[in-house]
Amino acid sequence: MENSEGVKIESTVVTEEPLISALDIALFVVIITVAYFWYFKRDKQSSSSEKKPYTIQPSSLSSIEQTSNSSFIKKLKSTGRSLVVFYGSQTGTAEEFAGRIAKEGARYKMKGMVADPEECDMADLVEMKEIQKSMAIFCIATYGEGDPTDNAMDFYEWLQNGDADLEGLNYAVFGLGNKTYEHYNEIAIYIDQRLEELGATRVHEIGLGDDDANIEDDFVSWKEKLWESVCSHYGIEETGEESNIRQYKLVDCSEVLPERIFSGEISRLKSYENQRFPFDVKNPYLSKIAVNRELHKSGDRSCMHIEFDIDGSKMRYDTGDHVAVYPKNSSELVEKIGELLNVDLDTVFSLLNTDEESSKKHPFPCPCTYRTALTYYLDITSNPRTHIMKELIEYASDPKDQEKLKLMASSTPEGKKEFHDWILRDNRNIVHILEDLPSVKPDLDHLCELLPRLQCRYYSISSSPKVYPKSIHITAVLVNYTTPTNRVNKGVATNLLAQLKPTNDELPQPTIPIYIRRSQFRLPPKSQTPIIMIGPGTGLAPFRGFIQERDYARKEGREIGEMVLYFGCRKKDEDFIYENELQEYVANGTLTKLHLAFSRDQPEKIYVTHLLEQNADELWNIIGEKNGHLYVCGDARSMAKDVHNIIVKVVMEKGQMTNSQALNYVKKMEQQKRYSADVWS
């Protein structure tokens with residue numbers, strides 16, 4: 001446009017001999033353009049350089065690193081390493097295990113590094129054979145209905161679809177799963193088998209960790225035998241050096257400007273003050289609490305109906321999705337740690353990785369205060385793992401405390417029993433340990449390095465976006481219980497939510513960071529398809545959204561299929577949640593049948609599974625004769641297993657099948673997404 005205007009000016013003023021020629025104008029435009037781009041480029045670089053020291057690096061090979069160093073192989077070679085430990089982690093445990101393995105590699109003359117498969121070109125595994133005495137270890141979690149973790153999805157699909165020659169790759173796999181779920185450690189088992197099929201050499205047999213029992217014990221036992229296999233395979237010996245090497249060093253940040261200090265943000269500094277779409281796990285949305293009301297009518301337990309305001313956030317959800325809530329630890333526990341260790345919690349500090357080649361510069365957003373770290377970033381309420389017991393030994397001044405920690409950190413039968421009884425059975429967290437072993441006074445910065453990250457909590461969304469497009473509803477039971485040591489442990493997220501009550505319009509509304517996690521728990525595509533929903537207690541949550549969505553379709557004049565709900569609770573007059581809503585849906589015809597089980601309203605307990613067995617004809621009519629869908633939500637340990645067994649029994653009897661045929665029928669239902677479960681242990 002500028003050029004065409006220049007030509008036009010030149011053609012119309014030639015005869016007037018102007019003082020400024022077309023060439024002068026063109027040069028002027030070029031100068032202005034260059035100056036403009038130079039100024040804004042400089043400004044952008046200045047801005048980014050100011051923020052660089054305080055942004056949180058990805059926990060493995062970053063995208064920037066990949067551009068300049070496109071392969072983890074190159075990094076192994078350039079840093080003289082021979083061991084790479086990949087992790088597939090949803091909650092941080094697999095990443096923690098990977099770090100512990102990589103750290104121990106030094107004892108076996110195998111310098112290690114931790115890597116996120118999502119940030120690596122996993123096709124470069126074919127080049128591992130170029131590194132002498134090299135090895136790849138995979139710590140892989142399975143979650144959901146036998147799904148890979150988000151960061152391992154691309155690697156999983158590459159293994160499924162590719163046909164790489166992995167001859168010369170030495171590997172081992174440790175899986176993290178839960179036996180209460182049907183697809184126990186499915187992803188780790190697949191990766192272990194697939195790597196062998198592609199020509200890789202298994203150095204040590206797969207380890208299967210069960211989070212429903214003692215996954216720490218499973219991991220430690222596997223790890224000890226792993227190193228024995230490694231020594232045998234490579235012909236090496238353990239160096240015997242078992243000193244506790246710090247991964248991070250303390251940096252004094254007392255001179256850092258206040259605006260450069262993290263105050264609870266997950267990743268980006270000041271992200272809660274300057275909210276930017278899209279919102280996800282590293283960039284949650286600070287949502288207002290619009291509604292927080294009690295659902296229980298009486299009794300000593302509490303169940304909350306909470307509505308998060310997402311108006312203006314551009315966030316979208318589907319019926320059946322989950323919402324992640326970022327909690328924070330109670331100020332009482334945080335203050336207690338400060339008192340026990342005699343530390344000023346408002347001290348500003350940073351933890352910097354001692355390995356300069358590592359892309360994970362900090363264990364959590366730094367710099368921050370100890371108070372911020374203990375409140376927002378560190379898990380101080382769960383049972384610490386044995387490696388923390390081991391690291392605390394050097395801080396015990398009392399020989400008795402020292403011996404107790406040594407015993408619990410050991411892998412002997414006596415040590416395992418002591419750890420199980422004193423930590424797991426008695427449900428001690430780090431605060432309780434410091435209280436009960438008074439001579440143990442660890443440096444707080446070291447404790448911050450050792451403790452795992454505080455994780456977000458997931459809740460089934462109990463609303464439909466068709467009815468509530470500007471809000472997300474959840475149904476949550478307040479968690480409080482007394483431990484064997486007569487301490488009261490409180491659920492981190494639910495106790496925080498219980499305090500966040502909406503105020504009048506003149507005062508700021510309480511807020512909490514959230515984001516939406518997609519789910520495969522979905523209504524059938526056709527509204528005419530009949531469905532059965534089984535959800536005792538808060539298992540009702542996603543079905544409330546299902547019913548709302550079908551009710552919306554009915555009001556639009558669309559045909560809807562049968563909807564049968566099985567709901568159970570203790571007492572009708574105490575914890576029958578959403579009673580009026582459900583009765584209204586029955587009255588208007590949206591909910592075809594409502595089967596209710598109140599376990600304690602009569603001498604003999606009645607559960608939803610009893611009702612399911614009694615209604616075998618109805619069950620088979622919907623799933624067998626009408627090709628309907630069946631959904632289960634709630635406890636995985638007993639209820640979901642019992643439901644599965646009942647379904648198989650009904651299919652056998654009503655479908656006139658053998659046990660094997662019935663199992664295959666139910667398996668096919670699962671594959672077709674006609675049998676879906678949203679369960680927890």
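What do the buried residues of H23 pack against? In this predicted model, their partners are helix H21 (616–625), helix H22 (639–654) and strand S23 (675–680).

Let's look at the helix itself. H23 runs over residues 659–671, so to speak a stretch of 13 residues, and spans 18 Å from its first C-alpha to its last, close to the 18 Å expected at 1.5 Å a residue. Its buried residues are Ala662, Val666, Met669 and Glu670. They cover an arc of only 100 degrees around the axis, which means they sit on the same side of H23. The general rule behind such patterns is that an α-helix has 3.6 residues a turn, so residues three or four places apart point the same way. Turn to the face of H23 that looks away from the buried side and you'll find Asn664 and Gln671, both exposed. Just after the helix comes Lys673, with a positive phi of about 65 degrees.

Now for the empty space inside. Rolling a probe the size of a water molecule over the atoms shows where such space is left. The count here comes to two cavities of 30 Å³ or more, and the second largest holds about 30 Å³. Its lining is made up of Leu540, Arg544, Ile547, Tyr578, Glu581, Leu582 and Tyr585. Helix H17 (541–555) and helix H19 (579–587) are the elements that give two or more residues to that lining, with H19 providing the largest share, three residues. Sort the lining by class and you get five nonpolar residues, two charged ones and no polar ones.

How values were computed: Residues numbered from 1 in each chain as written. Predicted model: local features only at pLDDT ≥ 70, side-chain atom pairs only at ≥ 80, totals over all residues. Heavy atoms only, no water. Helix = DSSP H or I, 4+ residues; strand = E, 2+ residues; numbered from the N terminus. Expected span 1.5 Å × (residues − 1). Buried < 20%, exposed > 50% of the residue type's maximum accessible area, 1.4 Å probe, protein only. Arc of directions from axis to C-beta. Contact = heavy atoms within 4.5 Å. 1 Å grid on protein atoms, 1.4 Å probe; cavity = no way out; pocket = protein on both sides within 12 Å on 5 of 7 lines; lining within 4 Å. Points joined across faces, edges and corners; volume = space filled by probe spheres on them. Nonpolar A, V, L, I, M, F, W, Y, C, P; charged D, E, K, R; others polar.
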